[in-house]
Amino acid sequence: MIEKINQLLSEIETLQISNLDELEALRLKYLSKKGAINALMADFRNVAAEEKKTIGIKINELKNKAQEKFNDLKEQFESKDNGALELDLTRTAYPIELGTRHPLSIVRNEIIDIFARLGFCIAEGPEVEDDWHVFSALNFAADHPARDMQDTFFVENNEDDEKIQNNIILRTHTSSVQSRVMEKQQPPIRIICPGRVFRNEAISYRAHAFFHQVEALYIDKNVSFTDLKQVLLLFAQEMFGADTKIRLRPSYFPFTEPSAEMDISCNICGGKGCPFCKGTGWVEILGCGMVDPNVLELNGIDSKTYSGYALGMGIERITNLKYRVNDLRLFSENDTRFLREFESAY
Ligand code: DAH
């Protein structure tokens with residue numbers, strides 16, 4: 001009997017089974033009511049009393065082995081079945097979703113491209129700045145309202161008026177990069193400075209605590225207001241179309257003299273007047289002017305030899321005009337439904 005059991009044991013061990021039908025055959029042959037193991041059980045009655053213990057253990061071993069093998073294989077085949085469901089070869093491939101460029105990046109790159117063609121190079125500066133580069137070096141008086149707590153985010157605030165220029169703040173405009181470049185480099189300077197800026201504003205559809213600007217600065221011998229006007233016209237027409245007209249209105253900035261704000265003919269109604277331009281036919285897009293000689297001197301450039309112009313614009317503003325986004329908050333919410341609308345814009 002022992003021999004018979006051993007033979008069945010090695011049979012089960014070496015058995016090769018490759019599908020559910022063969023597995024069922026295994027069950028029938030060994031584990032069913034009429035199977036080999038039950039037959040052994042029946043014979044067990046005739047086993048001599050002194051052998052009962054050894055043979056009993058052996059039969060149990062055989063029974064467990066057979067059951068284990070059956071269970072393992074069954075699990076294997078069943079999970080293979082599920083696997084087959086997942087591997088439906090007739091299915092179309094997963095669509096791989098491509099990201100899209102952010103509208104502000106698209107417009108920033110467009111602005112940079114236009115100025116790069118005119119020989120402007122990109123310059124960058126830190127977002128966490130000191131008061132000197134954001135305000136003092138740009139001719140802001142110590143009591144200028146832009147320095148006020150209400151506009152500026154302070155990182156380290158010095159109450160002492162003497163040391164005000166050491167205050168550490170978040171830059172409120174990219175004009176700070178002007179002084180960063182001037183302190184290191186003598187003219188000719190021809191730079192474009194894109195970057196993020198911060199102001200302590202309540203967030204709404206038309207104001208945000210952070211936004212983006214591009215600053216341009218050109219300093220050389222004999223730079224005149226005519227040069228500025230020419231660049232402004234070219235920029236406006238490249239950006240908004242060849243029919244775009246520009247208009248300069250006198251304005252004030254501490255770092256430019258004279259200063260102006262530039263309007264373009266409303267690109268939504270073509271200048272006829274609509275709700276967007278409040279019926280005027282014009283929309284404001286940037287500030288500009290001739291670099292104040294004080295600013296040149298404060299930054300180590302001889303104002304008798306050199307002159308220059310500067311201009312600065314908000315990227316959100318340009319983007320709103322180009323794509324009519326009417327809520328500033330959309331730019332920083334990362335709602336993919338919004339972002340995907342710009343898929344074909346670059
Ligand atoms: N820095 C100004 C602002 O944030 C924008 C600006 C105005 C920049 C006139 C200039 C400029 O370079 O000449 O509102």
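## Helices on the sheet

Helix 5 (residues 103–117) lies across four strands: strand 1, strand 5 (189–198), strand 6 and strand 10. The helix runs at about 165 degrees to strand 5. The model is predicted.

Helix 10 (residues 315–323) also packs on the sheet. Its contacts are with strand 6, strand 8 (256–265), strand 9 (282–291) and strand 10. The direction of helix 10 makes about 60 degrees with that of strand 10.

## Sheet order and edges

Which order do the strands take? The sheet is open, has seven strands and follows the order 1-5-6-10-9-8-7. Pairing is mixed.

Strand 1 (121–122) and strand 7 (246–253) stand at the edges. Each has a single partner strand, so one side of each is left without a neighbour in the sheet.

## Two antiparallel pairs

Strands of a sheet pair through backbone hydrogen bonds, in parallel or antiparallel fashion. Strand 6 (residues 210–220) and strand 10 (residues 307–314) run antiparallel. Eight bridges join them. Within this pair, Ile219 of strand 6 stands opposite Gly308 in strand 10.

Strand 7 and strand 8 run antiparallel too, joined by seven bridges. They form a hairpin, with two residues between the strands. Here Arg247 stands opposite Asp263 in strand 8. Strand 7 is also one of the edge strands.

## The ligand site

Which strands supply at least two residues each to the shell around the ligand? Strand 6, strand 9 and strand 10 do. Strand 6 and strand 10 are the pair joined by eight bridges, and helix 10 touches strand 6, strand 9 and strand 10.

There are 15 residues around the ligand. Those that come nearest are His173, Ser175, Arg199, Gln213 and Glu215. By class, the shell divides into eight polar, five nonpolar and two charged residues.

## Polar contacts and cover

Oxygen atoms of the ligand meet both side-chain and backbone atoms. From Arg199, a polar side-chain atom lies 2.9 Å from a ligand oxygen. From Ala310, a backbone N or O atom lies 3.2 Å from an oxygen atom of the ligand. From Leu311, a polar backbone atom is 3.3 Å from a ligand oxygen.

How much of the ligand's accessible area does the protein cover? On its own, the ligand has 360 Å² of accessible area, and the protein covers 88% of it.

Note on methods. Residues numbered from 1 in each chain as written. Predicted model: local features only at pLDDT ≥ 70, side-chain atom pairs only at ≥ 80, totals over all residues. Heavy atoms only, no water. Pairing = 2+ DSSP bridges. Contact = heavy atoms within 4.5 Å. Axes fitted to C-alpha atoms, helices over the stretch in contact; angles between N-to-C directions. Near = heavy atom within 4 Å. Polar contact = N/O pair within 3.5 Å; in protein donor to acceptor, adjacent residues only side chain to side chain. Areas by Shrake-Rupley, 256 points an atom, 1.4 Å probe, with all protein chains shown as cover. Nonpolar A, V, L, I, M, F, W, Y, C, P; charged D, E, K, R; others polar.
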